[in-house]
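The following exercises ask the reader to work from coordinates to a description of packing and strand pairing. Each task is followed by a solution in steps.

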Amino acid sequence: MNAADLHIGRVVLRGTAPAIEHARRQLPATLARAHWPADDAIVVIRRVAVGGTATELPARAAAAAEHLVRRAADPWSPAADAAEAVRFRDALDYRACLVRDLLKGTAAHRWLWHHRAALLARPTAEALAELLAEDALALPTLLDRPALRDSLPALWRTLDARAAHEVLRAIGSATGWQAAITAAQDPTPHERRAEKRSAFRRMSNGGIGEAAFPPSLLHAAAQWPSAPFGSSALRSLQSLPNDLPPSDPRVVLQAVLAMWTHTPAILAGTDAGDALRATTETFVRPTPASEPATASSRAPQRTAAETVVEAGEPTSDPTETGAPRIASPKQDASQRATPPAPTANAKIHGNLAADAPSDAPPTAPSRVSSTAASPAVLPPAADVDFHTRGGGFFFLLNVLNLPALRDWRATLAEPHAGWRELLRLALRLDFTPDAPLAAFLADACALNLDVRPDDDPVAALAALPPGADPAPVHHAALRHYGDTALAAALAERPAHVRATASHLDVHLRLNEIHLDIRRCGLDLDPGWLPWLGCVVRFHYDSGGIPR
């Protein structure tokens, strides 16, 4: 672990001044060298109490922390409240659990969130907005965590217009969709006239009171096809208040999430503002004026009286990777997924108290093991995890992302256009995906094989109808990369693919780097692709790829 990944809350040292200074200098580096989880886990430790000489304290604190990490409890379980350490699978798991506890009103009373005291002191809607904005590119994946699904109706009821606006601002800054999002929040002339009539009625009634809204607007999520909007974040649209205009940030936020899942290329196009505004209109419809009042944002949450942890917050990784929310592809027995390769990127939060033996208070041993039962099912590390022999297929994303094709991309209006155009390009280059990759692409392109599960994904992909004009793509691909690099990319290239609703990781073997591909930059990290709606990263490592 790097020392930067270690966040220590409060340290209490007792002894002579030189001994305290020595221990304080050595403690962070010694703890960073301890054996932490070799993955993206975040470990939160309540406290560590040890005694010894100035030279012994850092090593003893590290050993005690290692012991607690091995016994860390599941933070989703009620047993975590009695544990001395908890372990989150990754930053998304951490945020999802905190979102749930904020909505339940229990976050301020759980010791594992004391290091977020500043966040918990804010009104719940503001706290949720800040948390959702910490890694805006991963928002679709965060809201689709299985353990959060039951809390989503409460999330939409709790977010007020100001909080939703802050989340939208973070999304716009991260995705490049800010112009469209701003345009969609600008009230239409009809909405302005309705507000003026409402203000006139209030004045005619002899005073200024509660706004007399025009006929309320009821969300009509059923108007959208259910298949493209399978995300659990979008299955709770009816949880919004019924009297919101289309330009309300809460309606715009749900429209953005819907288009992010269904038509991200439109959000990245030249007519994105008009398209997003039209989408918000489809989310609402007039209903009778007698609608029940909706609950307002909850009262501010306060931290417990005594906060023993003042740790830093986990940093989000903007380079996380993913893809549309899709079912796990079928795999041959020889191609079953293996656990992800560990990386030394664990983070720890906690309070470390190092006392002299005579002053050290007794610390009750942890009675919670890492196998403590949990009522919630932990979310998987990735929604899709498979091996394929056609890993170079994903290099073609760099072809479609060429600056020369900016105007061409602006014309894409087909649902899931990014994945479909990528597939069409590969098929024109005589590429045939193997079964795992074909199943992945069938879901990414929304070909609805679940209606006829016996259909061959490869045949379904080959039957994909024509899309946008292929000529600009063909000329740009040959001009920037050439036949040799394109052919090398689509040759057999084993890869381990891991995907979520917003990120895609492609792991390839380090010893299979191809010079023709590398020289022209075809295997460079695409990063965030607005027209695809996800972040794509290529990793050259062992990747757990079977030989």
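The exercises below concern a predicted model.

**Exercise 1. Establish the order of the strands in the five-stranded sheet, and identify its edges.**

Solution. Step 1: the five strands form an open sheet with mixed pairing, in the order 7-8-9-11-10. Step 2: strand 7 (384-388) and strand 10 (527-529) each pair on one side only, and are the edge strands. Step 3: the average turn between neighbouring strands of this sheet is 20 degrees, direction ignored.

**Exercise 2. Determine the sense of pairing from strand 7 through to strand 11, with residues that stand opposite each other.**

Solution. Step 1: strand 7 and strand 8 are antiparallel and share five bridges; here Asp385 stands opposite Arg498 in strand 8. Step 2: strand 8 and strand 9 are also joined by five bridges and run antiparallel. Three residues lie between these two strands, which form a hairpin. Across this pair, Val497 stands opposite Val506, and His496 opposite His507. Step 3: strand 9 (residues 503-508) and strand 11 (residues 534-540) run parallel, with six bridges. Leu504 stands opposite Val536 in strand 11, while His507 stands opposite His539. His507 thus appears in two pairs, with His496 of strand 8 and with His539 of strand 11.

**Exercise 3. Decide whether the faces of strand 8 and strand 9 are buried or exposed.**

Solution. Step 1: the general expectation is that side chains in a regular strand alternate between the two faces of the sheet. Step 2: in strand 8 (residues 495-499), Ala495, Val497 and Ala499 lie on one side, and His496 and Arg498 on the other; all are buried. Step 3: since five of the five residues of strand 8 are buried, this strand is largely enclosed by the rest of the structure. Step 4: strand 9 is mostly covered, with six of its six residues buried. His503, Asp505 and His507 point one way from strand 9, whereas Leu504, Val506 and Leu508 point the other way.

**Exercise 4. Locate the buried face of helix 19, and state what covers the buried residues.**

Solution. Step 1: helix 19 (residues 471-480) has Val473, Ala476 and Ala477 buried. Step 2: viewed down the helix axis, the buried residues of helix 19 fall within an arc of 100 degrees, and therefore line one face. Step 3: His475 and Arg479 are exposed on the face turned away from the buried side. Step 4: the cover over the buried residues includes helix 14 (397-400), helix 15 (406-409), helix 16 (417-428) and helix 20 (482-489). Step 5: just after helix 19, Gly482 has a positive phi of about 90 degrees.

**Exercise 5. Identify the members of the largest nonpolar core that touch the most other members, and examine the contacts of Trp113.**

Solution. Step 1: the largest nonpolar core has 71 residues, of which Phe88, Trp113, Leu132, Ile171 and Leu276 touch the most other members. Step 2: with neighbours within four places in sequence left aside, Trp113 is in contact with Phe88, Tyr94, Cys97, Leu98, Asp101, Ala107 and Leu120. Step 3: apart from this core lies another, of 54 residues, including Val399, Trp419, Phe440 and Leu490.

**Exercise 6. Count the disulfides, and classify Cys520 and Cys534 by accessibility.**

Solution. Step 1: with a cut-off of 2.5 Å between cysteine sulfur atoms, the count is zero disulfides. Step 2: Cys520 has a relative accessible area of 24% and is partly exposed. Step 3: Cys534, at 1% relative accessibility, is buried, because buried means under 20% relative accessible area.

Conventions:
Residues numbered from 1 in each chain as written. Predicted model: local features only at pLDDT ≥ 70, side-chain atom pairs only at ≥ 80, totals over all residues. Heavy atoms only, no water. Core = buried A, V, L, I, M, F, W, Y, C linked by side-chain atoms within 4.5 Å. Buried < 20%, exposed > 50% of the residue type's maximum accessible area, 1.4 Å probe, protein only. Contact = heavy atoms within 4.5 Å. Pairing = 2+ DSSP bridges. Helix = DSSP H or I, 4+ residues; strand = E, 2+ residues; numbered from the N terminus. Axes fitted to C-alpha atoms, helices over the stretch in contact; angles between N-to-C directions. Arc of directions from axis to C-beta.
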